[in-house]
Amino acid sequence: DLDGAASVDLATVFISSRYSEARGGSKPATNAELKNVINVVQKKLGAKHVIGCLGGGVVGSGDEDGSPEEFENFKALSVAAASLPGSTITPFRVRASDLPNKDGLQDEWRDLIGNVKPEDEPSMILLSDPEFSRNGDLITLLEGLDFAYSGCPKVGGIAAPSPVAAIQIPTVFGSMEGGMPEEGQGAVVGVALTGNV
């Protein structure tokens, strides 16, 4: 609980891929432990929606003065929480096998992210697994979303896990229905934000 602070509608979680490595006698994180991170963020912050990814480095606040710092060579976790009153958050997960044909109808692309109406002018945050990007599926997805939601902003990034992490645990994750992507299967997780964003 945030002691009377505004409710948390969306939390983004960035986890150092160092958690997937066995160093200094520590065991690598498991898929179950990664799922537990989502549960803890939801429980401790009351977050309604959580998305996140693994990264080679994580940006957070420094210990001494709270200024931004990048943590690369050790285990780190960074959480950004947002209160978005008056907005609607639609979480989604897209696998390569979900993508419509490149000549698909606009409605087929809209189905991928929960049929958000284009007149609601969604803003989207997308986090991609590197495999999804490497295969060209990320470009296909972005082109399809541009077709279905012309002029709507789309921001995000590609997870940057260590090679060990990419094999052991999903590199992108979220609290959407259907759970987390299976190991080794490329995906994008994200949210579409509408209303008072």
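Is Gly144 buried or exposed? Select Gly144: with a relative accessibility of 4%, Gly144 counts as buried, where buried means under 20% relative accessible area and exposed over 50%, with partly exposed in between (1.4 Å probe, protein chains only). This is a predicted model, in which local features need pLDDT of at least 70 and side-chain atom pairs count only at pLDDT 80 or more, while totals for chains, interfaces and linings use all residues. Residues are numbered from 1 along each chain as its sequence is written, and side-chain values use heavy atoms, with hydrogens and water left out.

**Around Gly144**

Gly144 lies in helix α4 (residues 137-148); helices (H or I, at least four residues) and strands (E, at least two) are DSSP runs, numbered from the N terminus. Add Leu105 to the selection: its C-alpha is 9.1 Å from that of Gly144, although the two are 39 residues apart in sequence.

**The largest nonpolar core**

Next, select Ile113, Leu141 and Tyr149, which touch the most other members of the 18-residue largest nonpolar core. Such a core is a set of buried Ala, Val, Leu, Ile, Met, Phe, Trp, Tyr and Cys residues joined through side-chain atoms within 4.5 Å. Two or more residues of this core come from each of β6 (87-95), α2 (106-112), β7 (123-128), α4 and β10 (187-195). The most, four residues, come from α4. Leaving aside residues up to four places away in sequence, Ile113 touches Thr90, Phe92, Met124, Leu145, Tyr149 and Ala192, contact meaning heavy atoms within 4.5 Å.

A second, separate core has 13 residues, including Val8, Val13, Ile38 and Ala47.

**Helix α1**

Ile38 leads to α1, where Leu34, Val37, Ile38 and Val41 are buried. They sit on the same side of α1, because they cover an arc of only 90° around the axis, taken from the directions from the helix axis to the C-beta atoms. Elements covering the buried residues of α1 include β1 (10-16), β2 (49-55), β5 (77-82) and β9 (172-174). Turn the view to the face away from the buried side to find the exposed Ala32, Lys43 and Lys44.

Now select the ends of α1, residues 31-45: the C-alpha atoms there are 22 Å apart, in agreement with the 21 Å that 15 residues should span at 1.5 Å a residue. That expected span is 1.5 Å times one less than the number of residues. Gly46 follows α1 and has a positive phi, near 70°.

**Cysteines**

Finish with Cys53, buried at 8% relative accessible area, and Cys152, buried at 10%. The whole structure has zero disulfides, a disulfide being a pair of cysteine sulfur atoms within 2.5 Å.
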